[in-house]
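The following exercises are to be solved with the sequence and the three-dimensional structure at hand. Please attempt each task before reading its solution.

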Amino acid sequence: MATRYGHWIDGTDCAPNSGAWLKSYRPATSDVACEIAQGEARDVGAAVAAAYEARAEWRARRPIERGRVLIEIARRVTAELDRLAELESAEAGKLPKLTPFEVAGAAGYFEFFAGLVNLPAGEVLDLGPDYHSYTLREPFGVVAVITPWNAPINQAARAIAPALASGNTVVIKPSEFTSATTLELARLASEAGLPPGVLNVVTGTGA
């Protein structure tokens, strides 16, 4: 039986509200690679609510602490590189010799932005005697991400890593054709110490 993935909301695997599931097929053989939850508005609402609830705690963490979590995510992705590459090949139909590079690149994004967490800063402008103006860079809050089918884990990491490094929380909707590695990435992120609700995945069609 194919692996069945629910949404990843508030740090847990969640069945869809509709009770409906979509099949993801292997392009190479046309058999079922996995099943994913068919999301609807209620699922999106739950994911956004979880991200909104988690935003204050994540934003309040010191940048260096957020960076350490990102480094641990990168470590765990690297440790499971072969398995993630196999999943990517199965759903996207890519040659097995190509997908390890995409998974490694995903880990690299988390490493890169983990190293930048302390760099974004505001500016203080001298406008005259006893008069200064300053700018403050702040996270947006909840960030929505939609990724294509053709490089799912790599594209997900490229969007998620800078958002998390900046103190944002994320709701991501991967392509219904290639959702498995994004869901696995969310699981690994939770295991790496990312608080519940900071990264949420809702799967299904565009509607």
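**Exercise 1. Surroundings of Thr169**

Task: Determine which residues Thr169 is in contact with, leaving aside its neighbours within four places in sequence.

Solution. Step 1: Contact means heavy atoms within 4.5 Å. With neighbours within four places in sequence left aside, Thr169 is in contact with Ala51, Ala54, Arg55, Trp58, Gly141, Val142, Val143, Gly197 and Val198.

Step 2: Thr169 belongs to strand β9, residues 169-173. Strands (E, at least two residues) and helices (H or I, at least four) are DSSP runs, numbered from the N terminus.

Step 3: Thr169 counts as buried because its relative accessibility is 0%. Buried means under 20% relative accessible area, exposed over 50%, and partly exposed in between (1.4 Å probe, protein chains only).

Step 4: Asn118 lies 51 residues from Thr169 in sequence, and their C-alpha atoms are 18 Å apart in space.

A note on the basis of these values: the model is predicted, so that local features need pLDDT of at least 70 and side-chain atom pairs count only at pLDDT 80 or more, while totals for chains, interfaces and linings use all residues. Residues are numbered from 1 along each chain as its sequence is written, and side-chain values use heavy atoms, with hydrogens and water left out.

**Exercise 2. The chain as a whole**

Task: State how many helices and strands the protein chain has, and examine whether its radius of gyration agrees with that of a compact globule or disagrees.

Solution. Step 1: Six helices and ten strands are found in the protein chain.

Step 2: The radius of gyration is taken over C-alpha atoms, and the globule rule is 2.2 Å times the number of residues to the power 0.38. For 207 residues a compact globule would have a value near 17 Å; the protein chain has 18 Å, which agrees.

Step 3: The C-alpha trace spans about 75 × 40 × 25 Å along its principal axes.

Step 4: Of the 207 residues, 44% count as buried. Among contacts with a separation of 6 or more, 74% come from residues 24 or more positions apart.

**Exercise 3. The nonpolar cores**

Task: Identify which residues touch the most other members of the largest nonpolar core.

Solution. Step 1: A nonpolar core is a set of buried Ala, Val, Leu, Ile, Met, Phe, Trp, Tyr and Cys residues joined through side-chain atoms within 4.5 Å. In soluble globular proteins, nonpolar side chains tend to be buried together.

Step 2: The largest core has 45 residues, and Phe110, Ile160 and Leu164 touch the most other members. Helix α5 (residues 152-165) gives the most to this core, with eight residues.

Step 3: Beyond four places in sequence, Leu164 touches Trp58, Arg66, Leu70, Phe110, Val170, Leu194 and Val198.

Step 4: Another core lies apart from the largest one; this core has six residues, among them Ala50, Ala51, Val171 and Val202.

**Exercise 4. Two residues with positive phi**

Task: Decide whether Asp10 is partly exposed or buried, and whether Asp130 is exposed or buried.

Solution. Step 1: Most residues other than glycine have a negative phi. Asp10, although not a glycine, has a positive phi of about 55°, and phi of Asp130 is near 60°.

Step 2: Asp10 lies in the loop between β2 (7-9) and β3 (12-14). Asp130 lies in the loop between β6 (124-128) and β7 (131-134).

Step 3: Asp10 counts as partly exposed because its relative accessibility is 40%. Asp130 counts as exposed because its relative accessibility is 82%.

**Exercise 5. Two residues in the loop between β8 and α5**

Task: Determine whether Thr147 is buried or exposed, and which residues Asn150 touches, not counting residues up to four places away in sequence.

Solution. Step 1: Thr147 and Asn150 are found in the loop between β8 and α5, where β8 covers residues 142-146.

Step 2: Thr147 counts as buried because its relative accessibility is 7%. Beyond four places in sequence, Thr147 touches Gln155, Ala156, Ile172, Lys173, Pro174 and Ser175.

Step 3: Asn150 is partly exposed, with a relative accessible area of 34%. Asn150 touches Lys94 and Glu102, residues up to four places away in sequence not being counted.

Step 4: Asn150 and Lys94 are 56 residues apart along the chain, and their C-alpha atoms are separated by 8.8 Å.
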